[in-house]
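Me: I'm new to reading protein structures, and I'd like a close look at one part of this one. Could you take me through it step by step?

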Amino acid sequence: MWTQFVQGYDVVALSGPGRFVVGLDISESAVAKAKQWSAAAADASLFAFVAADFFTWEPLELFDLIFDYTCVIIFIS
């Protein structure tokens, strides 16, 4: 059982050489905690955290993949 949830863990874990990852959350405090927790990461140039609303945020460039684990999207053919 998890005793503490670490904001931003998945962003850091998914980042790597050739894979820049952006973590997006509407909560300023969640983004601040993620930035604080990840400050000691080995290569902080491979990820970033943004506080914004997913539905109104306009990123400066396109993404290859958008991953969201807070809702389920199912495609059936």
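On the other side of helix 2 from its buried residues, are Glu28 and Gln36 buried or exposed? Please tell me how that helix fits in with its surroundings, too.

Reply: Happy to! One thing to keep in mind from the start is that this is a predicted model. The mean pLDDT of the protein is 79, and 82% of its residues reach 70 or more. Your helix is a good place to look: among the elements of the protein, helix 2 (residues 28–38) has the highest mean pLDDT, 91, while helix 1 (residues 9–14) has the lowest, 85.

Now to your question. Glu28 and Gln36 are exposed. To see what lies across from them, look for Ala30, Val31, Ala34 and Ser38, which are buried in helix 2. These four sit on the same side of the helix, because they cover an arc of only 100 degrees around its axis. Glu28 and Gln36 are on the other side. If you turn the helix on your screen, you can look at each side in turn.

What do the buried residues meet? They pack against helix 1, strand 1 and strand 2.

The two strands deserve a look of their own. Strand 1 (residues 21–25) and strand 2 (residues 47–51) run parallel, and five bridges join them. To find one of the paired positions, start at Asp25 and go across to strand 2, where its bridge partner is Ala51. Put helix 2 back into the picture, and you have a right-handed β-α-β unit made of strand 1, helix 2 and strand 2.

Once you have found your way around the helix, you can look further along the chain. A search of the whole structure finds four aromatic pairs. One of them joins Phe54 and Phe55 edge-to-face, at 5.3 Å centre to centre and with 85 degrees between the planes. Another aromatic pair, Trp57 and Phe63, is tilted: here the values are 6.0 Å centre to centre and 40 degrees between the planes. As for how these rings face the outside, Phe55 is exposed, with a relative accessible area of 73%. Trp57 is partly exposed at 27%, and Phe63 is partly exposed as well, at 36%.

Finally, a word of care about one stretch. Over residues 72–77, pLDDT stays under 50, and the model has zero contacts beyond four places in sequence for them. For your close look, then, come back to helix 2, with Ala30, Val31, Ala34 and Ser38 buried and with Glu28 and Gln36 exposed on the other side.

How values were computed
Residues numbered from 1 in each chain as written. Predicted model: local features only at pLDDT ≥ 70, side-chain atom pairs only at ≥ 80, totals over all residues. Heavy atoms only, no water. pLDDT = per-residue confidence, 0-100. Contact = heavy atoms within 4.5 Å. Pairing = 2+ DSSP bridges. Right-handed = clockwise from strand over helix to strand, strands pointing away. Buried < 20%, exposed > 50% of the residue type's maximum accessible area, 1.4 Å probe, protein only. Arc of directions from axis to C-beta. Phe/Tyr/Trp six-rings, centres within 6.5 Å; stacked < 30°, edge-to-face > 60°.
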